[in-house]
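Ready for a few exercises? Have a go at each task yourself before you read the worked solution.

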Amino acid sequence: MATKPNAINYWPDSKCAKAFWSQHELPSYQELIRDTEAWLQPKADETWLDLGCGAGQLSKLLWLTSQGSIREVLGMDVAAINEESFRKLRANLEPAPTEAQFHFQQGDFSHGLTSLESGRFDGVVSGLAIQYAEDFDEAAGKWTDRAYDQVLREAFRVLKPGGRFVFSVNVPNPSWIKVAWVALSGTWKAPKPLKYLKRAYRMYSYGDWLKREARKGRFHYLPVETIVSKLQSAGLERIEHKTSFAGQAFLLRGWKPV
Ligand SMILES: C[S@@+](CC[C@H](N)C(=O)[O-])C[C@H]1O[C@@H](n2cnc3c(N)ncnc32)[C@H](O)[C@@H]1O
């Protein structure tokens with residue numbers, strides 16, 4: 001039996017989490033936000049889950065596009081420090097949400113979504129996160145996609161019948177150089193260009209680790225046909241997809257049958 005390799009996971013670290021707090025400033029990410037927004041269409045009184053929410057940009061998007069009319073947005077992420085960002089967002093959003101309407105829960109989706117009851121949400125959103133679900137098979141001595149498949153099944157489980165799952169994941173072998181190149185074009189528009197460049201570089205510096213682990217099969221940058229087939233196996237239907245994030249991510253949407 002092979003033992004699990006000493007695989008560092010930087011995601012729970014505050015330093016790594018904070019490096020991604022500025023991701024929304026990147027022009028490529030703004031393209032992804034616009035595309036995601038077009039597929040979310042939150043309605044009054046709905047409840048939403050933001051999986052791997054990071055600083056909460058997609059949760060914020062849900063709140064603002066619904067003009068504060070949704071009942072609840074719950075952000076879940078493995079990095080506990082992201083609660084701080086949710087607190088700041090709550091204090092500054094207009095209209096102002098209550099804590100029950102806009103809140104954070106620390107959780108690792110590689111172990112499922114056990115704290116969440118079935119059929120609780122009208123929508124699940126996730127931005128560039130579920131691809132980091134990890135599982136190591138000690139008997140076979142290799143990384144597997146079991147945790148990834150489990151996240152899809154769990155997203156299906158926590159959705160109400162008729163609910164939708166809108167999420168983005170990176171394309172196979174993503175070109176961070178391309179993302180960085182497009183990021184450079186944003187430098188001149190940034191109010192503080194030097195600070196903007198520093199933040200973009202901090203994020204970029206985690207790129208090698210992510211690609212290296214994806215090559216080992218620990219993280220999952222999959223072809224879109226594979227993802228569609230996995231979504232169908234999880235039970236979702238009416239699956240749509242498109243390319244976004246400067247060509248470096250797929251955005252997908254699927255529905256739980258009524
Ligand atoms: C590239 S960032 C995207 C953050 C956010 N969704 C956004 O769009 O700005 C990936 C996020 O996935 C989270 N993540 C990675 N592995 C996770 C896990 N096993 N469980 C929960 N969150 C995880 C990270 O902490 C990080 O916040």
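**Exercise 1.** How many residues surround the ligand, and which are the closest?

*Solution.* Keep in mind that this is a predicted model. Start by counting the shell: 17 residues surround the ligand. Then pick out the closest ones, which are Tyr29, Gly52, Asp77, Asp108 and Gly127. Now sort the shell by character: 9 of its residues are nonpolar, 6 are polar and 2 are charged.

**Exercise 2.** Find polar contacts of the ligand, then work out how much of the ligand the protein covers.

*Solution.* For this step you need a cut-off: a polar contact is a pair of N or O atoms within 3.5 Å.

- Step 1: aspartate 77 has a polar side-chain atom 2.6 Å from an oxygen atom of the ligand.
- Step 2: from glutamine 23, a polar side-chain atom sits 3.4 Å from a ligand oxygen atom.
- Step 3: glycine 127 uses its backbone instead, with an N or O atom 2.9 Å from a nitrogen atom of the ligand.
- Step 4: on its own, the ligand has 590 Å² of accessible area, and the protein covers 96% of that.

To finish, look at where the ligand sits: the space it takes is the largest pocket.

**Exercise 3.** How many disulfides does the structure hold?

*Solution.* A disulfide is a covalent bond between the sulfur atoms of two cysteines. The count here is 0. Check cysteine 16: the nearest cysteine sulfur belongs to cysteine 53 and is 14 Å away. The cut-off for a disulfide is 2.5 Å, so cysteine 16 is in no disulfide.

Is cysteine 16 buried or exposed? Its relative accessibility is 0%, so cysteine 16 counts as buried. Cysteine 53 is buried too, at a relative accessible area of 7%.

How values were computed:
Residues numbered from 1 in each chain as written. Predicted model: local features only at pLDDT ≥ 70, side-chain atom pairs only at ≥ 80, totals over all residues. Heavy atoms only, no water. Near = heavy atom within 4 Å. Polar contact = N/O pair within 3.5 Å; in protein donor to acceptor, adjacent residues only side chain to side chain. Areas by Shrake-Rupley, 256 points an atom, 1.4 Å probe, with all protein chains shown as cover. 1 Å grid on protein atoms, 1.4 Å probe; cavity = no way out; pocket = protein on both sides within 12 Å on 5 of 7 lines; lining within 4 Å. Sits in = over half its atoms within 2 Å of the grid points. Nonpolar A, V, L, I, M, F, W, Y, C, P; charged D, E, K, R; others polar. Buried < 20%, exposed > 50% of the residue type's maximum accessible area, 1.4 Å probe, protein only.
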